[in-house]
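Trainee: Please take one part of this model, the pocket, and go through it closely with me, following its lining residues outwards into their surroundings.

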Amino acid sequence: MPIILSVNGQKHSIDNAAADVPLLWVLRDMVGMTGTKFGCGVGLCGACGVLIGGQRFFSCQTPLRAVIGRDVTTIEGLGDDPHGAALQQAWEEVDVVQCGYCQPGQLIAACALLKANPRPDDAAIDEGMSGNLCRCGTYPRIRKAVKLAAGGGR
């Protein structure tokens, strides 16, 4: 029996998938959304971050069965969210990206942060972005872009 999955506002019929397969592999291999990255595979780096019902989850640790009937937003759909669009624009304006591998997860975490706290201070940004690792050390630019997207960085 196929599982219907809602990703970025579109329904996808998932056939022949075990209910306990990680959402990450369903998104990448069955839905074709490759923006969500595989990082550590144990929920420590944040590269696989997605929004489920507006909250950040690590898709490498989230089984498919946990998202049945819930809306999943990946980096590909983030621009349709007002906070996501503001963050994407701020990311470009601040020139956050270096290698870029962690950035989909960083943007997802920042969007979840702004949904919960539209005007975060430095401490709230650090806490909200925790769990997302960047090997390039773009943290100061990420903080600046989050503030800019929140309207406090200008």
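Mentor: The largest pocket is lined by Phe-38, Gly-39, Cys-45, Ala-47, Cys-99, Tyr-101, Cys-102, Leu-133, Cys-134 and Arg-135, where a pocket is an open set of points on a 1 Å grid over the protein atoms alone, fitting a 1.4 Å probe and having protein on both sides within 12 Å along at least five of seven lines, and a lining residue has an atom within 4 Å of a point. The model is predicted, and local features need pLDDT of at least 70, side-chain atom pairs count only at pLDDT 80 or more, while totals for chains, interfaces and linings use all residues. Residues are numbered from 1 along each chain as its sequence is written, and side-chain values use heavy atoms, with hydrogens and water left out.

The space in this pocket comes to about 160 Å³, a volume being what is filled by probe spheres set on the grid points. By class, its lining has 8 nonpolar, 1 polar and 1 charged residues, with Gly counted as polar and Arg as charged.

Starting from Phe-38, one of the lining residues, we come to the aromatic pairs, of which the count is 1. The ring centres of Trp-25 and Phe-38 are 5.4 Å apart and their planes meet at 35°, so the pair is tilted; rings pair if their centres lie within 6.5 Å, and planes under 30 degrees apart would be stacked, over 60 edge-to-face, and the rest tilted. Because Trp-25 belongs to helix α1 (residues 23-31) and Phe-38 to the loop between α1 and β3 (49-52), the pair ties together parts 13 residues apart in sequence; helices (H or I, at least four residues) and strands (E, at least two) are DSSP runs numbered from the N terminus. Trp-25 is partly exposed at 32% relative accessible area, and Phe-38 is partly exposed at 35%, given that buried means under 20%, exposed over 50% and partly exposed in between (1.4 Å probe, protein chains only).

Another lining residue, Ala-47, leads to Gly-105, which is found in helix α3 and is buried at 0% relative accessibility. Leaving aside neighbours within four places in sequence, Gly-105 is in contact (heavy atoms within 4.5 Å) with Gly-46, Ala-47, Gly-49 and Asn-132. From Gly-105 to Asn-132 the C-alpha to C-alpha separation is 6.9 Å, although they are 27 residues apart in sequence.

Cys-134, also in the lining, leads to Gln-103, a residue of α3 (residues 103-116) that is buried, with a relative accessible area of 5%. With neighbours within four places in sequence again set aside, the contacts of Gln-103 are Trp-91, Val-96, Val-97, Cys-134, Thr-138 and Ile-142.

Following Trp-91 takes us into the largest nonpolar core, where Leu-78, Leu-87, Trp-91 and Val-146 touch the most other members among its 24 residues; such a core is a set of buried Ala, Val, Leu, Ile, Met, Phe, Trp, Tyr and Cys residues joined through side-chain atoms within 4.5 Å. At least two residues of this core come from each of α2 (82-94), α3 and α5 (139-149), and α3 gives the most, with 8 residues. Not counting residues up to four places away in sequence, Trp-91 touches Gln-103 and Val-146, and also Gln-106, Leu-107, Ala-110, Ile-142 and Ala-145 among others. Apart from this core lies another, of 15 residues, including Met-33, Val-50, Ile-52 and Val-72.

Conventions. Phe/Tyr/Trp six-rings, centres within 6.5 Å; stacked < 30°, edge-to-face > 60°.
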